[in-house]
Amino acid sequence: MKFLLITSLSGFMTVLLSALSYYRKRWESIWTNSFPGSAATNVTMASAPSRDHPLIRISKLSGRYLLFDIDDIMYLRRNQNICSVFVGTIPQNPQQNVFMGLPLELMPEEAQVLVEKKIAYVVDDATFHPARLATMDESSRRAYVQSLKNQGKKMQMAVIESNNRLMPELRAKSKKKTSKKPKELDSTGTPQGGDGEDNENTSLFGPEPTPDSSKLPKDVEGYVLTPTTSSFLLPSPPESEAESSVAVDVPMSYPLFAHLHDKGYYMMPGLRFGCDYNVYPGDPLRFHSHFAGVHFGWDEEITMMDLVGGGRLATTVKKGYLFGGAVVDGSDVQNAANGRLESREESERSKLGSGWVAPPVRTFCLEWAGM
């Protein structure tokens, strides 16, 4: 049963990400075709020569770090080991909270790692959007609104045409059902109901008949569409503004997160298992978490109660109890490549070739035997 649930969840997430990516590309193509000289083309094509993806904008709202662009989310999941949690409501099924949709809420640690790697920048949306939208002229605003209306009309016409194609089949099924039902006799011995009643039942419980698409008026009302992101509407920020990112309020456990992320692990919030992070060797949709990660300060006392409780709990849920902390200045850190102890300065210099330097951290893993 658990395997079936995990498989269905994995399939649902894959379909959801693919659908969101498809609709995002449709929006971008419509915007570009409507007015090619707009900001959408600039945002799509504006990327640094050394980067295979445009700089990602992280929206800070009420102390939460959110991503609204499905392309950014898929890029981070595939290339940067960032998964996080969807917190938005699915429009087609809003009365449930088992499967969620956009936006994606990042942990502060994830946002800080992306900023330090120069993959993303954080903006305060309360001031960012009004300032950016004020730079748009009236013609751009009208063109954007008109593109939304045109797309809404196209979607409504597509739905009408689909209903017209299915209408003969639905009517045939409805006639078969009504012909099989025996008609009841009233007190005079005549059948109750006539052709008019049958037609009424058919129109009441079947789909509403729609006219042929060729006879529809040209100015259909159209659906009201709400884009999930404004990345193709707002112009790309200059490099100077992207570098002046809003400060991220990271917790004390950030060094442990940055260290494990630098080693290639995926991490999810670990509150369910009494830890700071659930540590996965790969994508959580494909792998079981291997460790329950907990951060301790370098000089913080670790009690036997913490080791026993954390070790037994982690082993019960088939994980290792991983704990560690940032190395303070002047302390030695063990090099994983050759096993020798080296100073913090030597450790940082050995990592400068990769561009981004993760904070030096020492970690240990504990598993309980006989369980």
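1. Strand β8 is a good place to begin, since five of its five residues are buried, so the strand is largely enclosed by the rest of the structure. Both of its faces are covered, with F291, G293 and H295 buried on one side and A292 and V294 buried on the other. This is a predicted model, and the points below should be read with that in mind.

2. The neighbours of β8 in the sheet run in two senses. Strand β7 (residues 277–280) is joined to β8 by three bridges and runs antiparallel to it, and within this pairing Y277 has G293 of β8 as its bridge partner. Strand β9 (residues 320–326) pairs with β8 in the parallel sense, over five bridges, and here the bridge partner of H295 is G324 in β9.

3. Helix α9 deserves attention alongside the strands, because eight of its nine residues are buried and the helix is mostly covered. The buried residues are Y254, P255, L256, F257, A258, H259, L260 and H261, and they pack against α4, β6, β7, β8, β9 and β12 (361–366). Just after α9, G264 takes a positive phi of about 100°.

4. The aromatic pairs come to five in the model. The rings of Y265 and F291 have their centres 6.1 Å apart and their planes at 80°, so this pair is edge-to-face, the cut-off for that class being an angle over 60 degrees. The pair links distant parts of the chain, with Y265 in the loop between α9 (254–262) and β6 (266–269) and F291 in strand β8 (residues 291–295), 26 residues apart. How does each partner stand with respect to burial, buried or partly exposed? Y265 has a relative accessibility of 25% and counts as partly exposed, whereas F291, at 18%, counts as buried, the limit for burial being under 20%.

5. Other ring contacts can be listed with these. Ring pairs link F296, Y321, F323 and F364 into a cluster. In addition, the charged end of K319 sits over the ring of F273, at 4.1 Å from the ring centre.

6. F273 also appears in the surroundings of L313, a residue of helix α10 (residues 304–316). The C-alpha atoms of L313 and F273 are separated by 7.6 Å, although the two residues are 40 apart along the chain. Not counting residues up to four places away in sequence, L313 touches F273 and G274. With a relative accessibility of 39%, L313 counts as partly exposed.

7. Turning to the nonpolar interior, the largest core has 21 residues, of which I58, L67, L76, L106 and L114 touch the most other members. At least two residues of this core are supplied by each of β1 (56–61), β2 (64–67), α3, β4 (101–106), α4 (108–116) and β5 (120–124), and the largest share, five residues, comes from α3. The contacts of I58, leaving aside neighbours within four places in sequence, are with Y65, L66, L67, L106, A111, L114, A120, Y121, V122 and V123. Apart from this core lies another, of 13 residues, among them L260, Y277, V279 and F291.

8. Which residues does Q80 contact, once its neighbours within four places in sequence are left aside? They are Y75, L114, K117, I119 and H261; among these, L114 belongs to the largest nonpolar core, while H261 is one of the buried residues of α9. Q80 is placed in the loop between α3 (70–79) and β3 (85–88), and at 13% relative accessibility it counts as buried.

9. Some caution about confidence is needed. The mean pLDDT of the protein is 75, and 65% of its residues reach 70 or more. Over residues 30–50 the pLDDT stays under 50, and for this stretch the model has 33 contacts beyond four places in sequence. Over residues 195–205 the pLDDT likewise stays under 50, and here the model has five such contacts. Where pLDDT is low, the predicted coordinates should not be read in detail.

Terms used:
Residues numbered from 1 in each chain as written. Predicted model: local features only at pLDDT ≥ 70, side-chain atom pairs only at ≥ 80, totals over all residues. Heavy atoms only, no water. Phe/Tyr/Trp six-rings, centres within 6.5 Å; stacked < 30°, edge-to-face > 60°. Helix = DSSP H or I, 4+ residues; strand = E, 2+ residues; numbered from the N terminus. Buried < 20%, exposed > 50% of the residue type's maximum accessible area, 1.4 Å probe, protein only. Lys NZ or Arg CZ within 6 Å of the ring centre and 35° of its normal. Contact = heavy atoms within 4.5 Å. Core = buried A, V, L, I, M, F, W, Y, C linked by side-chain atoms within 4.5 Å. pLDDT = per-residue confidence, 0-100. Pairing = 2+ DSSP bridges.
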